Amino acid sequence: MSDQNHLITRLRAASSGREDDIFAHTPDGTTMSYGALFAGAKTMAAALTEHGLRPGDRVAVQVEKTLQAIQLYLGTVMAGGVFLPLNTAYTTSELGYFLADATPRVVVCDPARRDATAAIAGTATVLTLDADGAGSLAIAAARHTSFTPVPRTADDLAAILYTSGTTGRSKGAMLSHANLASNSETLRDHWRFTADDVLIHALPIFHTHGLFVATNVALLAGASIVFLPKFDADAILNAMPRATALMGVPTFYTRLLDDPRLDRARAANMRLFISGSAPLLVDTHEKWQARTGHRILERYGMTETNMSTSNPYDGERRAGTVGFPLPGVEARIRLKGTEVAPGEIGVLEVRGPNVFQGYWQMPEKTAEELLPDGWFITGDLARRDKDGYVIIVGRDKDLIITGGFNVYPKEVESLIDDLPGVLESAVIGVPHPDFGEAVVAVVVPSGAPLNATDIIAPLAGRLARFKHPKQVIFLPELPRNTMGKVQKKTLRETCATLFT
Ligand code: AMP
């Protein structure tokens, strides 16, 4: 296979010879065939090469979610380049950091941002692609008809995805052809995706979830997708009767539950609902099953590792857990270099073909987190339940140390979430003159207003005193990013002076 492009060969295998089969249905009723998808990707590859892209060069991309952006991803990899997608929400000054760090050969942006981007792009060529898939890149691509994918091996880089950077600067996670191909093949098989599937794709494609989990799994299975530019409850509910699978973040599920049109009949053709990127509340799990008859399959992963664990396809999908390590992936839970006893909390580490190659131009950071024997320290705190299901307890950076005692936010949050009148909660540590940090609960009521006693009094006898919140803040909703992750950093900043 050395003369082939490792990832493209695999992504193309299932659809090869099925040129007229549909890859994507779009909301306006049009479709794109597999033949058209890959033909367009080739013309993009040719256009990038014409603009000076050489194997190993980065292509930084900050564009709306379109099928042409998917073709740009495939075209970049075909041309031997390294795809570098960026959140459309990043401002020009944030973009400046990524461009200076990654030194791409080509930058593709929305035409509205062309001039601002060109001003910070250095020697990179700036091309455009708009929300309709038009722009200077599309014009350049239209001048070409064919392209032979550049040979790339399993170990060559296919993508750099920047982590969301909740602490310090964002880091570029380097993902090889084999990292992406092997993980998506594992997921396709584990979740039983075939050419008969119709996957509702409503996730952003600048993140591992929408780009690699959803798109690559569909391609590897030769399945069809319903391609939605963003989350849209109406569009998802309309697509459901002819779809078979949905991949979403937990907020997709809570928002769909808010819609009375969601019921068993509407979900009758669906075979699989998958959730990840943030913890799914047990309550959401249960409500979803009651309304649709389906148990959501929760999985766990991160930019650096692709997907690492998943609940089983057959067998019990256990709410509040992320299941077991995927085939080929090893997991262990350690504290200070020693594995913890069964059931104890520690830091989750994973090893396998899914684990990235290191952080772009950050050898020290890489050495801190990626051990020489291949284990990656995820920074997530976890434990296993009595049957070995992995439970994610939160980021280790969110651990609270109050008066010298450790408090794991999830333990307190789970109890608060179960109280009457509570929709959800986030527990954080806030600087405190006596205790170092104090436990603070941020609570979202589900209906009538609550007071601090409603939250703290029921914890007596169920939680050690030092774990009780010293203050309770009530908010109408928790701050979340586009992937549904609660922004604890924002909450800590807001509450920073509560005790000082
Ligand atoms: P990202 O790199 O943006 O995909 O973020 C990865 C992080 O999201 C992980 O390190 C976890 O903290 C969190 N995460 C992903 N999936 C889950 C899940 N199913 N349950 C809890 N946390 C999750």
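How many residues does the hairpin that joins β23 to β24 pass through? The hairpin joins β23 to β24 through 3 residues. The legends below describe this hairpin and other close-up views of a predicted model.

**View 1. The β23–β24 hairpin.** Strand β23 comprises residues 422–432, and its pairing with β24 is antiparallel, with 10 bridges joining the two. Within this ladder, Val430 of the model has Ala438 in β24 standing opposite. The connection between β23 and β24 is a hairpin of 3 residues. Strand β24 spans residues 436–445 and is mostly covered, with 7 of its 10 residues buried.

**View 2. The open sheet that contains β24.** In this sheet, 3 strands are arranged in the order β23-β24-β25, and their pairing is mixed. The edge positions are held by β23 and β25, each of which pairs on one side only. Direction ignored, neighbouring strands of the sheet are turned by 25° against each other on average. The antiparallel part of the pairing is that of β23 with β24, whereas β24 and β25 pair in the parallel sense. Strand β25 is formed by residues 471–474, and 4 bridges connect it to β24. Two residue pairs may be used to locate this parallel ladder. Ala441 stands opposite Val472 in β25, and Val442 has Ile473 in β25 as its bridge partner. In a regular strand, side chains alternate between the two faces of the sheet.

**View 3. The antiparallel sheet of five strands.** A further open sheet is formed by 5 strands in the order β17-β16-β18-β19-β20, with antiparallel pairing. Strands β17 (338–339) and β20 (390–395) each have a single partner strand, so one side of each is left without a neighbour in the sheet. Strand β19 covers residues 376–384 and is paired with β18 through 4 bridges in the antiparallel sense. In this pairing, Val347 is placed opposite Leu381 of β19.

**View 4. The ligand and the residues around it.** The ligand is surrounded by 15 residues, of which the closest are Glu298, Arg299, Thr303, Asp380 and Lys485. By class, this shell holds 5 nonpolar, 5 polar and 5 charged residues. Strand β13 (residues 297–302) gives the most to the shell, contributing 5 residues. Polar atoms of the protein approach the ligand at several points. A backbone N or O atom of Arg299 is 2.8 Å from a nitrogen atom of the ligand, and a backbone N or O atom of Ser277 is 3.2 Å from a ligand nitrogen atom. On the side-chain part, an N or O atom of Asp380 lies 2.5 Å from an oxygen atom of the ligand. The ligand taken alone exposes 490 Å², and the protein buries 90% of that area.

**View 5. A buried loop residue, Asp197.** Asp197 is located in the loop between α7 (177–190) and β9 (198–201). Is Asp197 buried or exposed? Its relative accessible area is 3%, so Asp197 is buried. The side chain of Asp197 is joined to that of Thr244 by a polar contact of 2.6 Å.

**View 6. Two loop residues with positive phi.** Most residues other than glycine have a negative phi. Thr103, a residue other than glycine, nevertheless has a positive phi, near 40°. Thr103 is placed in the loop between α4 (92–102) and β5 (106–109). With a relative accessibility of 46%, Thr103 counts as partly exposed, because this class lies between the limits of 20% and 50%. Gln361, also not a glycine, has a positive phi of about 55°. The loop that holds Gln361 runs between β18 (346–351) and α12 (363–369). Gln361 has a relative accessibility of 55% and therefore counts as exposed.

**View 7. Lys410 in helix α13.** Lys410 belongs to helix α13, which comprises residues 409–417. The relative accessible area of Lys410 is 24%, which means that the residue is partly exposed. From C-alpha to C-alpha, Lys410 and Phe273 are 24 Å apart in space, and 137 residues separate their positions in sequence.

Terms used:
Residues are numbered from 1 along each chain as its sequence is written. This is a predicted model: local features need pLDDT of at least 70, side-chain atom pairs count only at pLDDT 80 or more; totals for chains, interfaces and linings use all residues. Side-chain values use heavy atoms; hydrogens and water are left out. A residue is near a molecule or strand if one of its heavy atoms lies within 4 Å of it. A polar contact is a pair of N or O atoms within 3.5 Å; within protein, one must be able to donate a hydrogen and the other to accept it, and residues adjacent in sequence count only if both atoms are side-chain atoms. Accessible areas come from the Shrake-Rupley method with a 1.4 Å probe; for residues, only the protein chains shown count as cover. Ala, Val, Leu, Ile, Met, Phe, Trp, Tyr, Cys and Pro count as nonpolar, Asp, Glu, Lys and Arg as charged, and the others, Gly among them, as polar. Buried means under 20% relative accessible area, exposed over 50%, partly exposed in between (1.4 Å probe, protein chains only). Two strands pair if DSSP finds at least two bridges between them. Axes are lines fitted to C-alpha atoms, for helices over the stretch in contact, and angles run from 0 to 180 degrees between N-to-C directions.
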